[in-house]
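Reader: Hi! Could you walk me through this structure in plain words?
Author: Happy to. Let's take a look together.

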Amino acid sequence: MTKCEYLTARCPYGCEVWLHPKAVIPHADRCRGVPWTESRRPVTEVLLANEDADDARALLPSSVLVKPNISGDRLLNPRPGMRLHDSAVQGIVVRSPLDGITGRRWWTVARAAVTEGSSIEAAFCPERFDALERSLGLEGRFVRCEVCGDDMTARGLRGHQRSNSVCRFLSDAAEVRTLWEFGYRDPFSLRHDGVPITWTELSSRAHWRNRTHIVRFRLWTAVLYRSAK
Ligand SMILES: [Zn+2]
Ligand SMILES: [Zn+2]
């Protein structure tokens with residue numbers, strides 16, 4: 001893909017996608033009006049692949065196992081032409097039976113319980129889950145990602161926030177919303193105000209730089225201008 005010459009426009013219908021200015025009108029018919037991250041897998045579920053998926057099938061009752069919903073999973077990887085990994089297609093989703101416990105954390109505790117010969121029953125009981133986790137030495141194993149609400153290891157958190165599609169999109173879209181509230185707008189919205197609308201114009205007009213804020217989404221680069229008023 002070549003770099004787009006025209007600065008992109010923020011979808012005005014609520015999906016938080018940034019588009020080529022000419023694509024905004026045709027996009028209206030296709031826009032779902034909500035960010036794609038709204039249909040992401042809830043954090044109470046974790047998709048496992050390979051040996052982890054085999055372990056889950058062998059160790060856990062079927063009540064917590066869900067076959068992955070492929071069209072839903074595809075949404076997690078919105079890159080055009082992106083093929084789903086076979087390991088994900090053949091994987092399994094573990095759904096935490098406890099409301100406040102993420103799938104990742106629940107699965108970690110449940111697997112350890114079975115592996116160490118403890119009863120898995122406590123893992124299904126809100127009052128006993130924490131004690132089971134402690135007894136397995138897994139307390140404090142995870143930290144909460146403030147962006148997407150999933151649990152990660154402290155070591156894995158930064159890499160997760162840098163590379164996870166959902167997490168990246170949520171934080172970039174939140175940054176755009178905050179700037180928007182402060183009066184920043186995309187070049188498309190300000191096109192009648194004489195703002196640069198191509199990269200070439202922008203980079204050749206130095207005085208625009210201090211009115212410009214760039215948010216680097218994974219799939220596009222959003223340029224916002226502080227409004228003159
Ligand atoms: Zn849209
Ligand atoms: Zn996250």
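Author: One term to start with: a residue is called buried if 20 or more other C-beta atoms lie within 10 Å of its own, exposed if 12 or fewer, and partly exposed in between, with C-beta atoms placed from the backbone. Helices (H or I, at least four residues) and strands (E, at least two) are DSSP runs, numbered from the N terminus. This is a predicted model, where local features need pLDDT of at least 70, side-chain atom pairs count only at pLDDT 80 or more, and totals for chains, interfaces and linings use all residues. Residues are numbered from 1 along each chain as its sequence is written, while chains are lettered from A and ligands numbered from 1 in the order in which they are written.

Reader: Thanks! How many helices and strands are in the chain?
Author: The chain has nine helices and 10 strands. It has 229 residues, of which 28% count as buried.

Reader: Cool. Which residues of H5 are buried?
Author: They are Gly103, Arg104, Arg105, Trp106, Trp107, Thr108, Val109, Ala110, Arg111 and Ala113. That makes H5 mostly covered, with 10 of its 13 residues buried.

Reader: And what covers them?
Author: The cover includes S3, H2, S5, helix H6 (126–135), strand S6 (142–144) and strand S7 (151–153). Covering here rests on contacts: two residues are in contact if their C-beta atoms, placed from the backbone, lie within 7 Å.

Reader: What span should H5 have?
Author: At 1.5 Å a residue, its 13 residues should span 18 Å, and the end C-alpha atoms of H5 are 18 Å apart, which agrees. The expected span is 1.5 Å times one less than the number of residues in the helix. After H5 comes Gly117, with a positive phi near 80°.

Reader: Let's switch to sheets. What is the order of the sheet with S3 in it?
Author: That open sheet of three strands runs S3-S5-S4, with antiparallel pairing. Strand S3 (45–48) and strand S4 (65–66) are at the edges with a single partner strand each, so one side of each has no neighbour in the sheet. Two strands pair if DSSP finds at least two bridges between them. S3 and strand S5 (residues 92–95) are joined by four bridges in the antiparallel sense, and Leu48 stands opposite Ile92 in S5.

Reader: Where does H5 fit in there?
Author: Helix H5 (residues 103–115) packs on the sheet and touches S3 and S5, its direction making about 65° with that of S3. Helix H2 (residues 50–59) lies across S3, S4 and S5, at about 55° to S5. For these angles, axes are lines fitted to C-alpha atoms, for helices over the stretch in contact, and the values run from 0 to 180 degrees between N-to-C directions.

Reader: What about the sheet with S10?
Author: Its order is S8-S10-S9, an open sheet of three strands with antiparallel pairing. Its edge strands, strand S8 (184–185) and strand S9 (212–216), each pair on one side only. Helix H8 (residues 165–181) lies across S8, S9 and S10, at about 160° to S9.

Reader: Now a single residue: why is Leu7 called buried?
Author: Leu7 is buried because 25 other C-beta atoms are within 10 Å. Apart from neighbours within four places in sequence, Leu7 is in contact with Pro187, Ile197, Thr198, Trp199, Leu202 and Val223.
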